[in-house]
Amino acid sequence: MDRIFIGAGFLDSCTELTRFVYEYWLCKAGGRRLAYREDIEPADLIRALPGIQLVDVLRDMPHEGDIKRGYRFIYRLLGTKEVSVRHGNPVGLPVEEGFFGNDIERVLSNYAKVAETGDIVCDFEEVTVPAGYRVQDVSLFLPLTLDGKSVQQILVYSEQSILR
């Protein structure tokens, strides 16, 4: 499957662990549009931690040539499985320098959608890994706030399965 869902429409297509992370975030959001980062407890997500990423959202980046960038996304932390699929740890680097996927524009578009709207995004993408085989990557992007008003971080949970 190669599809992007906005909102909870992905639930019928995801694994139990992806559903668990989503339901955990939903519980912590408590009916609000955004969950507070301080309410997310890593101990509650132990079985999902290898696939977790936390990404900082930076706004109002200066012009780069003729292009004004509205956002910059920086890896704050990655679980062990996420470091492994990237063959290195991109903590502190921009997403452009450490992403997993076929197309950086698609990846950045997912982050920007969450940052701009606070919507949940779930991306099902078939990815060819450097070793030459294909995997189904499912990445769930969940908005987090520090101030209760805007998205300052994005919690991402990803799973990969080998395609035959």
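Two strands pair here if DSSP finds at least two bridges between them. Keep that in mind for the hairpin of β7 and β8, which has five residues between the strands. The model shown in every view is a predicted one.

**View 1. The whole chain, with its three helices and nine strands.**
Start at the N terminus and the elements read β-α-β-β-β-β-β-α-α-β-β-β. The C-alpha trace spans about 45 × 40 × 25 Å along its principal axes. For 164 residues, a compact globule would have a radius of gyration near 15 Å, and the chain agrees, with 15 Å. Of those 164 residues, 46% count as buried. Take the contacts between residues at least 6 apart in sequence, and 53% of them join residues at least 24 apart.

**View 2. Helix α3, from residue 104 to residue 117.**
This helix has 14 residues, and from first C-alpha to last it reaches 20 Å, close to the 20 Å expected at 1.5 Å a residue. At its start, look for D103: one of its side-chain oxygens comes to within 3.0 Å of the backbone nitrogen of E105. Just past the other end of α3, G118 takes a positive phi of about 80°. Along the helix, R106, V107, L108, N110, Y111, A112, V114 and A115 are buried. Their cover includes a good list of strands: β1 (3-6), β3 (52-59), β6 (71-78), β7 (121-128), β8 (134-145) and β9 (153-162).

**View 3. An arginine of helix α3, R106.**
Is R106 buried or exposed? Its relative accessible area is 17%, and since buried means under 20%, R106 makes the cut. Follow the side chain of R106 and you arrive at the backbone oxygen of F124, 3.2 Å away. Neighbours within four places in sequence aside, R106 is in contact with D2, R3 and I4, and also with D123, F124 and E125.

**View 4. The largest nonpolar core, with 25 residues.**
Which residues have the most contacts inside this core? They are F10, Y22, W25, L140 and L142. Two or more residues come from each of α1 (16-29), β3, β7, β8 and β9. Helix α1 gives the largest share, six residues. Zoom in on F10 and, once its neighbours within four places in sequence are left aside, you find contacts to F5, T18, Y22, I120, C122, F124 and L140. Another core, of 19 residues, lies apart from this one, and V55, V95, L108 and A115 are among its members. Two of those names, L108 and A115, also turn up in the list of buried residues in α3.

**View 5. Strand β8 and the strands beside it.**
Why is β8 largely enclosed by the rest of the structure? Because 11 of its 12 residues are buried. Three strands can be picked out alongside it. β2 (residues 35-36) runs parallel to β8, joined to it by two bridges, and the bridge partner of A35 is L144 in β8. β7 pairs with β8 in the antiparallel sense over eight bridges; one to look for puts E125 opposite its partner in β8, D137. β9 is also antiparallel to β8, here over 10 bridges, and F141 has V156 of β9 as its bridge partner.

**View 6. The turn of the β7–β8 hairpin and the loop residue V129.**
In this turn, G132 has a positive phi of about 100°. V129 sits in the loop between β7 and β8. Does that leave V129 buried or exposed? At 11% relative accessibility, V129 counts as buried. What is V129 in contact with, apart from neighbours within four places in sequence? The contacts are F100 and V135. For another landmark, find V85: this residue and V129 are 44 residues apart in sequence, and their C-alpha atoms are 8.5 Å apart in space.

Definitions and conventions
Residues numbered from 1 in each chain as written. Predicted model: local features only at pLDDT ≥ 70, side-chain atom pairs only at ≥ 80, totals over all residues. Heavy atoms only, no water. Helix = DSSP H or I, 4+ residues; strand = E, 2+ residues; numbered from the N terminus. Expected span 1.5 Å × (residues − 1). Buried < 20%, exposed > 50% of the residue type's maximum accessible area, 1.4 Å probe, protein only. Contact = heavy atoms within 4.5 Å. Polar contact = N/O pair within 3.5 Å; in protein donor to acceptor, adjacent residues only side chain to side chain. Core = buried A, V, L, I, M, F, W, Y, C linked by side-chain atoms within 4.5 Å. Rg over C-alpha atoms; globule rule 2.2 N^0.38 Å.
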